[in-house]
Amino acid sequence: MRSALPAAGMLLAALPSLFSPLLAEDARTTLAPNRQGSEATASISDISRDGSGQEGDAAQTSPGQASAALAVTQTAAAAAQHAGSLPPPPEHPAAPPIKARVLFSQFGDIPVSGDARDIFRYGGKIDGYFDIKGGAIGIDNSLSMHIHPEFKYGESANGEIGLLPSNTLLFYPGEGDVFDLNVNVTKRWKSGTTLTVGKVNVLDLAAGLPVVGGGGHEGFQNLAMALPPSAIVPGSIIGALFNKPTKSAIYRLWVFDPQLQSKKTGFESPFDKGVAFLGSITLPVKLGGKPGYYALKLAGSTRSELATEALVPVLVPAPGSGFGNRKGEFSAVLAGYQYLGVYPEAPGKGWGIFGQVYISHGDPTFLDKSGFIGISGNPRFRTQDRFGIAWYRYSLTDGLVNALANRLALEDEEGIEAFYTLGIDKHLRVTANLQVIDSAVSARDTGILAGMRVTASF
């Protein structure tokens, strides 16, 4: 049975994601603890990350405050120059037209219980992030380009215990040693509204989630929490992402190709399987004076067949099975991330609770229900560290389970993941990770996977 389910992972790299990357960019400044350790004071329109994965520029003062401050500065400077007592005030340097960042994570893991082979596996992932403002090439700075090269190498225990990959970063963008490139262009208006067009790695948007974190370089490693799968929104997409922030909420509408775009330019056969959409609304909420946010997200597509690129052959029903022929798919997610504690002595640090429930109408979507809940954050005694523990459960669509019953016995998959990250310094972090997984493959025993991650940033 195990030979039919290769260790590279039971689902191909199209599984996620509906969920939390959308919330990550909402909460970068609006809902995380501010520099005084309390609720962020920025308007909800002052988001700091748009759909491209780029850093944004958040306004820090009102127009009236800025004008008054400028008048005072100019008057004082003129008087000082006239008296010869002070030099002119220095000009603030402009933001660099090009920003570059590199993350390099190395992983080692080994199954320590269950019927999976107890072999130590090593692998790594390198991600580069380059943001280029229009001014760097002589055009309007309201336009910018985001370039994200990524390279994965080595092995992991993905697929050895559960269907869901236990290591998200070593699952994308494919099996073996793989290179991929994401390029997109963003137009930003003064209101904070953005429109991003191009190829987008959805993992980029998970990294900024408050409380839970995400994206695989930080926080949880299992796909269930690092990039919760929806079976409709792939982990790499090509399309248009529109984000509209207001003072009370953030609205989003994405239109994209439902096919996974990893290891593709996106222009080989665009939209030949249909058109997909995602719409969401995110609302800030205070509980006990602590920041949090809650979101409703709806996704669907006109696809009229099973997403076979998301499944290994053994999970693809035979022709005539009756599953995967229904036209169109639809799903909904309700998610929440809430701080329960913030630390005034450590600006931006705290801990909280997070969770999500997902439901789809099934055929041709291969997931019908899922959910998770957990806690994560920074310990008060070492705020440079991070911790987290979460439980999850995922259900394959009943029609798919029935269609495969004579080939492979399947059930719901659930598990627990816990991690602790030791912050050596701001450029180096070491994480211990433990996962207990009750596989969706009925014949497999519950397994325990132990691992370590070393992440360097440049």
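Is R393 buried, partly exposed or exposed? In this predicted model, R393 has a relative accessible area of 33% and is therefore partly exposed, since that value lies between the limits of 20% and 50%. R393 takes part in two of the salt bridges described here, and both partners can be placed in the fold. With D412 the N to O separation is 3.3 Å; because D412 belongs to the loop between helix 5 (398-403) and strand 14 (413-425), whereas R393 belongs to strand 13 (residues 386-396), this pair ties together parts that are 19 residues apart in sequence. With E414 the closest N and O atoms are 2.9 Å apart, and because E414 lies in strand 14, the pair connects that strand to strand 13 across 21 residues of sequence. Both acidic partners are partly exposed, D412 at a relative accessible area of 28% and E414 at 24%.

The count for the structure comes to 11 salt bridges. Another of them joins R117 to E160, with the closest N and O atoms 2.9 Å apart; R117 is in the loop between strand 1 (98-113) and strand 2, and E160 is in the loop between strand 3 and strand 4 (178-188), 43 residues away. The accessibilities of the two residues fall in separate classes, R117 being partly exposed at 45% and E160 being buried at 3%. Through shared partners, salt bridges join R117, R121 and E160 into one network.

Aromatic side chains were examined over the whole structure, and nine aromatic pairs were found. In the pair formed by Y122 and Y153, the ring centres are 5.9 Å apart and the planes meet at 55 degrees, so the arrangement is classed as tilted. Since Y122 lies in strand 2 (residues 121-133) and Y153 in strand 3 (residues 143-154), the pair ties together parts 31 residues apart in sequence. Y122 is partly exposed at 37% relative accessibility, while Y153 is buried at 18%. Elsewhere, F220, Y293, Y337, F354, F372 and F419 form one aromatic cluster. Two rings carry a charged side chain over the face: R101 lies 4.5 Å from the ring centre of Y129, and K187 lies 5.7 Å from that of W189.

K187 also appears in the surroundings of S142, a residue of the loop between strand 2 and strand 3 that is buried at 15% relative accessibility. Beyond its sequence neighbours up to four places away, S142 touches T186, K187 and R188. The side chain of S142 makes polar contacts with the side chains of K187, at 2.7 Å, and D140, at 2.8 Å.

How values were computed
Residues numbered from 1 in each chain as written. Predicted model: local features only at pLDDT ≥ 70, side-chain atom pairs only at ≥ 80, totals over all residues. Heavy atoms only, no water. Phe/Tyr/Trp six-rings, centres within 6.5 Å; stacked < 30°, edge-to-face > 60°. Helix = DSSP H or I, 4+ residues; strand = E, 2+ residues; numbered from the N terminus. Buried < 20%, exposed > 50% of the residue type's maximum accessible area, 1.4 Å probe, protein only. Lys NZ or Arg CZ within 6 Å of the ring centre and 35° of its normal. Contact = heavy atoms within 4.5 Å. Polar contact = N/O pair within 3.5 Å; in protein donor to acceptor, adjacent residues only side chain to side chain. Salt bridge = Lys/Arg side-chain N within 4 Å of Asp/Glu carboxyl O.
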